[in-house]
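Trainee: Could you walk me through the backbone of this one, up close? I'm still new to this, so please explain the terms as you go.

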Amino acid sequence: MIEREIIHTTTASKRIFDVLQDFVQFLLLFLRIFLEMFVMLIQKVLPKSLKDISGEVVLITGTGHGIGRELALHYASLGSTVVCVDINEKNNLQTVQKAKRLNLGDVHSFICDVSKREEVQALADRVKTEVGPISVLVNNVGIMPTHPILQQSAEEIQRVFDVNVFSQFWTIQAFLSHMEEKNRGHIIALSSIAGVVGLSNLVPYCATKFAVRGLMEALHEELREGPYKNMIKTTTIFPYMTNTGLCKHPKVKFPSILGLLDPKEVAMRIVEAHRSDTLEATIPSCLLHINNWTRLLPDHCGLMLKDYIDSGVESDLI
Ligand SMILES: NC(=O)c1ccc[n+]([C@@H]2O[C@H](COP(=O)([O-])OP(=O)(O)OC[C@H]3O[C@@H](n4cnc5c(N)ncnc54)[C@H](O)[C@@H]3O)[C@@H](O)[C@H]2O)c1
């Protein structure tokens with residue numbers, strides 16, 4: 001009887017001790033989060049410290065046009081060796097020639113359909129032999145069929161996933177070994193504001209851009225825990241509509257506040273996010289916060305705000 005009471009008291013005090021220990025650990029975590037937020041707040045008012053990327057070998061997909069071309073020129077101007085990859089040989093060579101005319105560093109052209117796994121693997125081998133292992137991968141390629149769901153053909157839906165999503169799997173798998181060889185790396189992915197909010201006429205496109213967000217968040221988690229711990233960083237970018245011709249019929253209600261972005265400016269913001277090791281960035285940056293706050297509102301209030309902003313794209317079939 002006494003023995004049972006002693007056992008009971010010991011179990012009870014062990015339970016209290018465990019609860020207290022959990023509570024202290026939670027308190028410590030809370031304190032660390034609070035301190036981290038304080039440091040971040042101070043960093044916000046100080047000028048951003050951007051890491052030096054001269055000497056990095058940066059591979060960018062979709063460099064024949066638009067944001068990809070501007071990214072290539074910007075990285076080259078900062079002293080990186082740039083590997084330009086596009087399916088369109090003529091346009092890609094124009095990017096390289098433009099860089100050479102502006103006397104910008106070491107820029108190479110490679111032709112590849114990045115939606116094809118075997119082509120990407122062959123590209124990784126060629127780049128390693130001809131330029132050397134890469135340390136930065138920018139998954140920029142993207143296409144955007146813009147019409148209502150019932151007018152999207154099966155081939156179109158398949159293709160948009162092949163180009164916007166599967167290409168990113170193939171390049172990540174093919175180029176991680178390059179980064180491993182260099183003992184460092186950074187993977188940057190172009191999602192879109194359409195990967196943050198759903199938009200009509202863009203159902204498959206939005207699905208691919210939400211997929212890129214999921215892919216990058218999970219990849220970041222795996223890289224944080226696994227054998228590449230602290231060696232390989234990730235950045236996901238969500239730009240608003242940009243003046244590259246990809247959005248054929250943009251619908252903009254407040255052009256002076258939220259008009260089409262300039263691809264040069266977008267490229268600059270992307271490189272800045274990379275150089276400051278930012279995990280996720282919308283361009284402009286306020287959109288991420290607006291979206292996060294809006295998601296806290298009741299559904300219909302969020303929709304009211306969306307209707308008020310009334311921006312998006314019209315079908316390209318009309
Ligand atoms: N333009 C915008 O409004 C906007 C907004 C948000 C996000 N984005 C995203 O930014 C990225 C770049 O957009 P952009 O407007 O500069 O596009 P763009 O159409 O101007 O250029 C895309 C380039 O990718 C190349 N390409 C297409 N398919 C390819 C393939 N299978 N293999 C290799 N190269 C291929 C094209 O030849 C072209 O040179 C995309 O991922 C897009 O979804 C664009």
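**A close look at the backbone**

Mentor: Let's start with the whole chain: of its 318 residues, 35% count as buried (20 or more other C-beta atoms lie within 10 Å of the residue's own; 12 or fewer makes it exposed, anything in between partly exposed, with C-beta atoms placed from the backbone). Keep in mind that this is a predicted model, where local features need pLDDT of at least 70, side-chain atom pairs count only at pLDDT 80 or more, and totals for chains, interfaces and linings use all residues. Residues are numbered from 1 along each chain as its sequence is written.

The protein chain has ten helices and nine strands; these are DSSP runs numbered from the N terminus, with helices being H or I of at least four residues and strands E of at least two. Its C-alpha atoms fill a box of roughly 90 × 50 × 45 Å along the principal axes.

Now for the close-up. Most residues other than glycine have a negative phi, and most peptide bonds are trans. With that in mind, look at the bond from isoleucine 283 to proline 284: it's cis, with omega near 0°. Proline 284 sits in the loop that links β8 (280-283) with α9 (286-294).

Next, go to the other end of β8. Aspartate 277 lies in the loop between α8 (263-275) and β8, and its phi is positive, about 55°, although aspartate 277 isn't a glycine. How crowded is it there? Aspartate 277 has 13 C-beta neighbours inside 10 Å, so it counts as partly exposed.

Asparagine 230 also has a positive phi, near 65°, and it isn't a glycine either. You'll find asparagine 230 in the loop between α6 (203-225) and β6 (232-239). Because asparagine 230 has just 8 other C-beta atoms within 10 Å, it's exposed.

Finally, follow the backbone through a piece of sheet. Strands β2 (residues 81-86) and β3 (residues 107-111) run parallel and are joined by five bridges; for two strands to pair, DSSP has to find at least two bridges between them. Within that pairing, valine 83 stands opposite histidine 108 in β3. To get from β2 to β3, the chain goes through helix α3 (residues 89-101), making a right-handed β-α-β crossover. Right-handed means that, with the strands pointing away from you, the path from the first strand over the helix to the second runs clockwise.
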